[in-house]
Amino acid sequence: MTDPIADYLTRVRNAIKANHRVVEIPASNIKKEITKVLFDKGYIANYKFEDAGIASVIKVALKYHPITKTSAIRKMERISKPGLRHYAHVSNMPRVLNGLGIAILSTSKGVMTDKEARVQNVGGEVLCYIY
């Protein structure tokens, strides 16, 4: 697999389209950090990290509106790809939907959102947009 983050986003996107409640994703440290950010910002209902010997798995419980049955995640878009990395300085940090969405960044201080990166005055690689 050349792009595990794109695989993560695609698995979640496909689970939302199929109206699944839980999706299993092969775990890595960056995927665990992205999952924590999504949970903290309210885009997923819950998550669980499971170690099954050789292969560890992330179980993500997706969040849906109780009446309309629409997902909390409208769109997930991969920005920085293995063939073309996209970095942002703190002065030109991207704003997703004028602040309604989040951009997830990998910085020297860990994985965080664009708003947290502005507060900590740090730039980094823009991994994805979520809204």
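1. A good place to start is E77, which stands opposite Y129 in strand 8. Bear in mind that this is a predicted model. The pair belongs to the contact between strand 4 (residues 76-78) and strand 8, which run antiparallel and are joined by three bridges.

2. Strand 8 has further partners. Strand 5 (residues 87-88) runs antiparallel to strand 8, with two bridges between them; here Y87 has E125 as its bridge partner. Strand 6 (residues 102-107) is also antiparallel to strand 8, and six bridges join the two. In that pairing, S106 has E125 as its bridge partner.

3. Why can strand 8 be called largely enclosed by the rest of the structure? Seven of its seven residues (residues 124-130) are buried, so the description fits. Across the protein chain, buried residues make up 40% of the 131 residues.

4. Stepping back to the overall layout, the protein chain has three helices and eight strands. Read from the N terminus, the order is α-β-α-β-β-β-β-β-β-α-β. The radius of gyration is 15 Å, close to the 14 Å from the globule rule for 131 residues, so the protein chain is as compact as a globular protein of that length. Its C-alpha atoms fill a box of roughly 40 × 40 × 25 Å along the principal axes.

5. On contacts: of those between residues at least 6 apart in sequence, 60% join residues at least 24 apart.

6. Last, the surface and the charges. The accessible surface of the protein chain is about 7500 Å², and carbon and sulfur atoms account for 53% of it. The chain carries 21 positive and 11 negative charges, whose mean positions are 6 Å apart.

Notes:
Residues are numbered from 1 along each chain as its sequence is written. This is a predicted model: local features need pLDDT of at least 70, side-chain atom pairs count only at pLDDT 80 or more; totals for chains, interfaces and linings use all residues. Side-chain values use heavy atoms; hydrogens and water are left out. Helices (H or I, at least four residues) and strands (E, at least two) are DSSP runs, numbered from the N terminus. The radius of gyration is taken over C-alpha atoms; the globule rule is 2.2 Å times the number of residues to the power 0.38. Buried means under 20% relative accessible area, exposed over 50%, partly exposed in between (1.4 Å probe, protein chains only). Contact means heavy atoms within 4.5 Å. Accessible areas come from the Shrake-Rupley method with a 1.4 Å probe; for residues, only the protein chains shown count as cover. Lys and Arg count as positive and Asp and Glu as negative; His and the chain ends are not counted. The place of a charge is taken as NZ of Lys, CZ of Arg, CG of Asp or CD of Glu. Two strands pair if DSSP finds at least two bridges between them.
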